[in-house]
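Please take a moment to look over the chain as a whole before turning to its parts. The paragraphs below begin with its surface and end with one small region.

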Amino acid sequence: VMQWAQHDAGHRSFVLLGEALGATVACIGYKPGLVSGLILLWPALILNQTAFKGLFTREKMLEGEQSKDGFVMFGGHRLGKHFINEIYQYDMTSTLEKIHAPTLIQHGTADEEIPLAQAYFGRDHIPGIADLAIFEGGDHGLTAMNIRQHVLMNIEYFLGRLAKKLDSTPKN
């Protein structure tokens with residue numbers, strides 16, 4: 001998508017936004033010079049310590065290896081065994097350490113699917129500017145209306161600061 005938007009539509013830079021596993025995908029999609037910022041909402045960065053941990057049990061891994069169809073059932077969804085092995089073995093630390101773009105991370109203290117420690121892990125391993133917003137009592141998805149309003153205000157403020165920075169950067 002970024003290649004198309006860059007080459008066919010003429011866009012020069014991108015801000016990637018991802019929530020939960022999508023935050024992991026956003027981090028993996030980071031390209032220096034092309035991605036100007038990241039917004040990570042309740043990021044799942046160490047998947048075997050999240051609601052996905054059930055994928056990495058000995059039984060589930062064995063089920064994947066023995067599957068003739070190449071997938072296992074998890075949470076009512078079919079997941080390919082290659083995908084499961086890939087995310088189990090993926091080194092998120094080295095991915096995060098390559099991110100030098102401003103990053104906003106938002107997470108709630110009452111998220112039962114993704115531990116709050118995941119947000120701190122992201123902040124501690126991203127060498128770029130990482131803003132961290134923690135919402136006391138915030139659940140997975142930060143669904144309470146008052147919290148959601150603050151999430152959106154934080155995103156707006158972050159994007160405004162990023163836009164000012166990009167406007168002041170000399171164009172080649």
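Accessible areas are obtained by the Shrake-Rupley method with a 1.4 Å probe, and for residues only the protein chains shown count as cover. Computed in this way for what is a predicted model, the accessible surface of the chain amounts to about 10200 Å², and carbon and sulfur atoms hold 54% of that surface. Of the 172 residues in the chain, 38% are buried, where buried means that the relative accessible area is under 20%. As for charge, the chain carries 15 positive and 18 negative side chains, and the centres of these two sets are 6 Å apart.

Turning from the surface to the overall build, the C-alpha trace of the chain spans about 55 × 40 × 25 Å along its principal axes. The chain contains seven helices and six strands, and someone reading along the sequence meets them in the pattern α-β-α-β-α-β-β-α-α-β-α-β-α. Among the contacts in the chain with a separation of 6 or more, 59% come from residues that are 24 or more positions apart.

One part of this pattern can be followed in detail. Strand β3, which covers residues 71-74, pairs with strand β4, which covers residues 77-80, and the pairing is antiparallel over four bridges. Within it, Val72 has Leu79 of β4 standing opposite. Which residue takes a positive phi in the hairpin of β3 and β4? The hairpin has two residues between the strands, and Gly75 is the residue with a positive phi, near 60°.

Technical notes: Residues numbered from 1 in each chain as written. Predicted model: local features only at pLDDT ≥ 70, side-chain atom pairs only at ≥ 80, totals over all residues. Heavy atoms only, no water. Pairing = 2+ DSSP bridges. Buried < 20%, exposed > 50% of the residue type's maximum accessible area, 1.4 Å probe, protein only. Contact = heavy atoms within 4.5 Å. Lys, Arg positive; Asp, Glu negative; His and termini not counted. Charge placed at Lys NZ, Arg CZ, Asp CG, Glu CD.
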